[in-house]
Amino acid sequence: MSARMVVIGGGLAGVTAALAAADAGVEVTLLEGRPRLGGATFSLRRDDMWLDNGQHVFLRCCTEYIAFLERVGSADKVYLQPRMDVPVRTPWGTRTRLARSGLPAPLHLSSALARYPLLTMAGRARVGLAALALRRLDPADPALDEVTFAAWLDRFGVTAREREAMWDLIGIATLNLPATEASLAMAVKVFRTGVLDRNDGADIGWSLVPLQELHGDASARALAKAGVRVRLRARVDALDAGDGGFVVHAGGERIEAEAVVLAVPHYDAARLLPAGALLLDDVLADPNLLTGLGTSPIVNLHVVYDRPVLDTPLAAGIGSPVQWMFDRSAGHGLAPGRYVAVSLSAAGREIDLTSAQLRDRFVPELARVLPAARQARVERFVVTKERSATFRPAPGSGRLRPGPRTAIPGLALAGAWTATGWPATMEGAVRSGLSAAREALPHLGRTRAIPERTTPL
Ligand SMILES: Cc1cc2nc3c(=O)[nH]c(=O)nc-3n(C[C@H](O)[C@H](O)[C@H](O)COP(=O)(O)OP(=O)(O)OC[C@H]3O[C@@H](n4cnc5c(N)ncnc54)[C@H](O)[C@@H]3O)c2cc1C
């Protein structure tokens, strides 16, 4: 069997690359090892409920992801806040919110900061000064990838408590590492693009339907319509590069291609990349170096109560191991506020706990931050774990993220872990797929530019 382009991996990066290539008139085959598309974003059936493997949110600054949703026909299946509004709860009874105003950036957050009761006056001043200084940093500056975000915040005297109340609130969920471990470069990217450069960048969006419907199933339809051949349960065992092109080996089958987009996680790419292909900083590198990007886990707790306990669509916990809570009752025939999905990022402490241990630890913690949960009975408690949810955007990770170009013409890399400038996000995945298509298509004689959506920073 022959195909002009083979895309390996059916996550958001691979689907994006395949659609871009098909839109450019290329014959594309997409090979996905699992029985479904959508990669790290999927849903699983537990008894009579569809649960997402992990709550996924996006921000208004995720312009290419939003365009992806439009491309696969899912744009009407998400909700995007008209203005960023994050209800915050503490175990000691604080109910507050971080909401932006319509003022231009960075003034859009000034009134929220002035009223935020989890910071002292001096703390607000420190946070404000750090925010203004952060706006002047360039996330592409390699020096910023040498230090942790927390080490930089220390220079402003930001205390651990202020870090938790302000920076980690957003940082842990987007970077999947706390400020004490995350690269300053990645934190600057998140806070500048999302929060500080535009007043609307951090308006929060989420899916109204199971992720599988939003991404995987919608992608399958869009790919079929674009003429892409999709092969599921087609795990690629090896990728050979020769003079005339590539041979992809999947389950005993040989598939020839003139161009390949490798859109698998970094630890799979380390195994599949042909020798002499990987370029890091334009220098040939050993593919095994990619494993140095490491992995960071995410755990989600799906808790169904016998009555409503959460009275906002989402809320963040401060001073509690409960990080973010989402009301997922809609679509399950439940009254609002009964099904709470708790998202625990950078979940090194939780990943090896059993479901019973997590229940023992988190049901009381939820009752502390959600007073209505104190009288409520837990009807269902399900845990979903993703041990390798993302790479670790720690200092030094920037050096280990290759761009789409490899040393072998016609072979391009994609994946949220590649050098997109973004942390491992859906936006990064889509951007990487577009970049890989831009890299590979000229090799097939397609030179029409793939447009970029307005890109903050
Ligand atoms: C629990 C969780 C919560 C998250 N929350 C958010 C969030 O709120 N917001 C956000 O923006 N991002 C979030 N992310 C990150 C986001 O989901 C990922 O960054 C993004 O989906 C990665 O897409 P990708 O295409 O790069 O990789 P993947 O989705 O990992 O896709 C790679 C695909 O390659 C396939 N594959 C691997 N090896 C082979 C092989 N040999 N042959 C064939 N196929 C192969 C895999 O099966 C997979 O489908 C979260 C991730 C997780 C796990």
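**View 1. Domains around the ligand in the predicted model.** Domain 1 (2–41 + 210–293 + 395–444) and domain 2 (43–79 + 295–390) each contribute at least three residues to the shell around the ligand. Elements with at least two residues apiece in this shell are α1 (12–23), α9 (266–272), β20 (378–390) and α11. Sorted by class, the shell holds 18 nonpolar, eleven polar and five charged residues.

**View 2. Polar contacts and nearest residues of the ligand.** There are 34 residues around the ligand, and E32, A40, H56, A416 and M426 come nearest. H56 has a side-chain N or O atom 2.8 Å from an oxygen atom of the ligand. For D268, a side-chain N or O atom is 3.4 Å from a nitrogen atom of the ligand. At T425 the contact is made by a backbone N or O atom, which lies 3.4 Å from a ligand oxygen atom. The protein buries 93% of the 1,000 Å² that the ligand exposes when taken alone.

**View 3. The second largest pocket, with a volume of about 800 Å³.** Its lining comprises 37 residues, of which G398, R401, A419, T420 and G421 are the closest to the pocket centre. Because domain 1 and domain 3 (89–200) both give residues to this lining, the second largest pocket lies between them.

**View 4. Composition of the lining of the second largest pocket.** The lining residues comprise 14 nonpolar, ten polar and 13 charged. At least two residues come from each of α7 (184–196), β14 (279–280) and α11 (426–440). The most is given by α11, with five residues.

Technical notes:
Residues numbered from 1 in each chain as written. Predicted model: local features only at pLDDT ≥ 70, side-chain atom pairs only at ≥ 80, totals over all residues. Heavy atoms only, no water. 1 Å grid on protein atoms, 1.4 Å probe; cavity = no way out; pocket = protein on both sides within 12 Å on 5 of 7 lines; lining within 4 Å. Points joined across faces, edges and corners; volume = space filled by probe spheres on them. Helix = DSSP H or I, 4+ residues; strand = E, 2+ residues; numbered from the N terminus. Nonpolar A, V, L, I, M, F, W, Y, C, P; charged D, E, K, R; others polar. Domains from an automatic or database assignment. Near = heavy atom within 4 Å. Polar contact = N/O pair within 3.5 Å; in protein donor to acceptor, adjacent residues only side chain to side chain. Areas by Shrake-Rupley, 256 points an atom, 1.4 Å probe, with all protein chains shown as cover.
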